[in-house]
Amino acid sequence: MTPPFTTRPDIRGTFGVVTSTHWIASAVGFGVLERGGNAFDAAVATGFALQIVEPHLNGPGGELPVLFHEAASGRTAVLCAQGTVPQAATIARFRELGLDMIPGSGLLPTVVPGSFDGWMLLLREYGTITVREALAAAIDLARDGHPVMPRVANTLAGLADFFATDWPTSGATWMPDGTAPAAHELLANPETAAMYARIVEEAERAGPDRVAQIEAARTAWREGFVADTMFAYLDTASVPDMTGRSHGALLTRDDVAQWRATIESPVSGTYHGWTVHKTAPWSQGPVLLQALAILEHIDIAGMDPDGAVFVHTVTEAIKLAFADRETFYGDPAFCEVPLARLLDPEHNRARAALIAETASLEQRPSRLPGFEHLADAFVERAARDSAPDISPLEPTMAHLTERRGDTVHLDVIDRWGNVVSATPSGGWFQSSPSIPGLGFSLNTRAQMFWLEEGLPTSLMPGARPRTTLTPTIAEKDGTRLALGTPGGDQQDQWQLIAFLRHVHHGMSLQANLDAPLFHSMHVQGSFYPRAAKAGELTLEASFGAEVIDELSRRGHRVTVVDEWSVGRLTAAERRADGRLCAAASPRLMQAYAVGR
């Protein structure tokens, strides 16, 4: 029997696989494996390369969640490099500025940049290579340039006037001659190259010990020359943001100096014999577990994975799970998240019974005893009329406009069975002005908080934002699957679809990632202006008219988008016998899997 056509081959082997949202970064990571590094080494080098080749989607000033499995110990864990809210960033402070919502751009919504410390912690604890080896490719790419993707070139061209008038430091970084690069021209960032090269030099002054070098690099970032340069700018800078006014940063040297990335246990759930691991509810990670817990009570295996019944049922489960995300999730160090109750099988049997033949246009969070006030507060927030005009600086799905930021993703598995799945984000050049002397922008992650008291996501100094960043590792009978995607609120929606097709419908990894995708816009947005669009469902045209018409008949408010325009999933799998497989979405024509 002839296998079905796929846009790329399933990458198969036994030595190692790397898949990421840019082909150059995947090649960098696989090169590390070829030179004897493990999956942790390869992930770190891939992550730093992604900062350079996808600067509109992530950067050194962003954040990082990592799910990983260490083969030697059998441990699956989470590395949290999500920075925290500055001590000066209080609800009262924002109210003094006349704001009732945290803007999505500029300096005001910045939290501690966590990505660098997170990668260094992963390298120290589980890697084998040096700081120099980890940063070598990123330095080369930033110094010598890389062929800029058309999407990046178009984004910069669209921002040229804004950079020239409002964020001149960004113009100096990305358009030093005053013009945006043309597609496929070499785009360099000499300031970031010099920053990373100096970090390597300072690391090596610590002596030959690898761990001492890594600690010296971490110090150079949070307390040394990087912090000095960062705050030489931030201490006086004030720039325009989405409010139409200029604001400075609330971030201070102490905020950065005192923060550290951490390693913690994952939140886990089961589904048809699989154990699925996610980040804790300081991210949206557990929402995938909730959706699976609902769908456990429905015969997904009996549905056509490209059919209307599948799309309708999964969409309705997404709506229920995401209503609970928005009601209950937050940094568990600062609020009580009733996750055990939300994942309880009997509770989710009742939630599954709410799924009818037609689409619900209501927000239906769980009404848990003692938490009813949070459910009521969410329903009220979701009903608000959000601002209709969204700035081109808002981070959201890449297919909507080339001016918006997003996220990157990578999955790595090595010959020893180590698995890494990471979703770096933040610090894209649309979000915040470039820092002179460093060449990168800061994150805007505080926009995910509310300026209202008493909520799990109320703005609180020291708290982690409830992010959308959410890698996945799932395992069954010795097989491990790593999975993830950019896409903000859509990340766990697209991963859910891919995982269900993987579990129930026998698709190869690449066939799965080629299949049509959809997502609900009914969920309340995590990014400014935080809109919830009741009943809205976005589908790729490749589902076909019959499916689209049936979903409209069921009451979904359907938006049809172009084929190959939704999602940028990557995935890698290791079977119990050591066989490896990896795949990458063809969408946007940049993600790639490599291996042997």
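A137 sits in helix α5, which spans residues 131-144. The model is predicted. In this model A137 is partly exposed, because its relative accessible area is 23% and the partly exposed class lies between 20% and 50%. Look also at I24. A137 and I24 are 113 residues apart along the chain. Their C-alpha atoms are separated by 9.8 Å.

Another pair of this kind involves G437. This glycine lies in the loop between β13 (419-422) and β14 (472-476). G437 and A232 are 205 residues apart along the chain, with 9.9 Å between their C-alpha atoms. Leaving out residues up to four places away in sequence, G437 touches E191 and T229. G437 is partly exposed, with a relative accessible area of 39%.

Now go to the start of the chain. R8 is placed in the segment before β1 (11-13). Is R8 buried or exposed? R8 has a relative accessible area of 14%, so it counts as buried, the cut-off being under 20%. Its contacts, not counting residues up to four places away in sequence, are Q510, A584, S585, P586, M589, A591 and Y592. A474 gives another view of the distances. R8 and A474 are 466 residues apart in sequence and 23 Å apart in space, C-alpha to C-alpha.

Follow one of those contacts, Q510. This residue is found in helix α18, residues 509-514. Q510 is buried too, with a relative accessible area of 1%. With residues up to four places away in sequence left out, Q510 touches T6, T7, R8, P9 and D10. Q510 also touches A583, A584 and P586. Two of these, A584 and P586, are also listed among the contacts of R8.

Next come two helices that pack together. Helix α13 covers residues 308-328, and helix α16 covers residues 372-382. Their axes are 9 Å apart and meet at an angle of about 105°. That makes α13 roughly perpendicular to α16, because angles of 65 to 115 degrees fall in that class. On the α13 side, the contact is made by A323, E326, T327 and F328. On the α16 side, L374, A375, F378 and R381 take part. By class, this contact has five nonpolar, one polar and two charged residues.

Empty space comes next. How many cavities of 30 Å³ or more does the structure hold? There are seven of them. The largest has a volume of about 110 Å³. It is lined by 17 residues, and those closest to its centre are Q51, P55, W174, N189 and G439. The lining divides into eight nonpolar and nine polar residues, with no charged ones.

Finally, turn to some backbone details. H184 is found in the loop between α7 (168-174) and β6 (186-187). Its phi is positive, about 75°, although H184 is not a glycine. H184 counts as exposed, because its relative accessibility is 57% and the cut-off is over 50%. D477 also has a positive phi without being a glycine, with a value near 50°. D477 is placed in the loop between β14 and β15 (479-484). At 68% relative accessibility, D477 is exposed as well.

One peptide bond deserves a look. Y528 and P529 are joined by a cis peptide bond, with omega about 10°. P529 lies in the loop between β16 (518-520) and β17 (536-540).

Terms used
Residues are numbered from 1 along each chain as its sequence is written. This is a predicted model: local features need pLDDT of at least 70, side-chain atom pairs count only at pLDDT 80 or more; totals for chains, interfaces and linings use all residues. Side-chain values use heavy atoms; hydrogens and water are left out. Axes are lines fitted to C-alpha atoms, for helices over the stretch in contact, and angles run from 0 to 180 degrees between N-to-C directions. Helices (H or I, at least four residues) and strands (E, at least two) are DSSP runs, numbered from the N terminus. Angles under 35 degrees count as roughly parallel, over 145 as roughly antiparallel, 65 to 115 as roughly perpendicular and the rest as oblique. Contact means heavy atoms within 4.5 Å. Ala, Val, Leu, Ile, Met, Phe, Trp, Tyr, Cys and Pro count as nonpolar, Asp, Glu, Lys and Arg as charged, and the others, Gly among them, as polar. On a 1 Å grid over the protein atoms alone, a cavity is a set of points where a 1.4 Å probe fits but cannot get out, and a pocket is an open set with protein on both sides within 12 Å along at least five of seven lines; lining residues have an atom within 4 Å of a point. Grid points are joined across faces, edges and corners, and a volume is the space filled by probe spheres set on the points. Buried means under 20% relative accessible area, exposed over 50%, partly exposed in between (1.4 Å probe, protein chains only).
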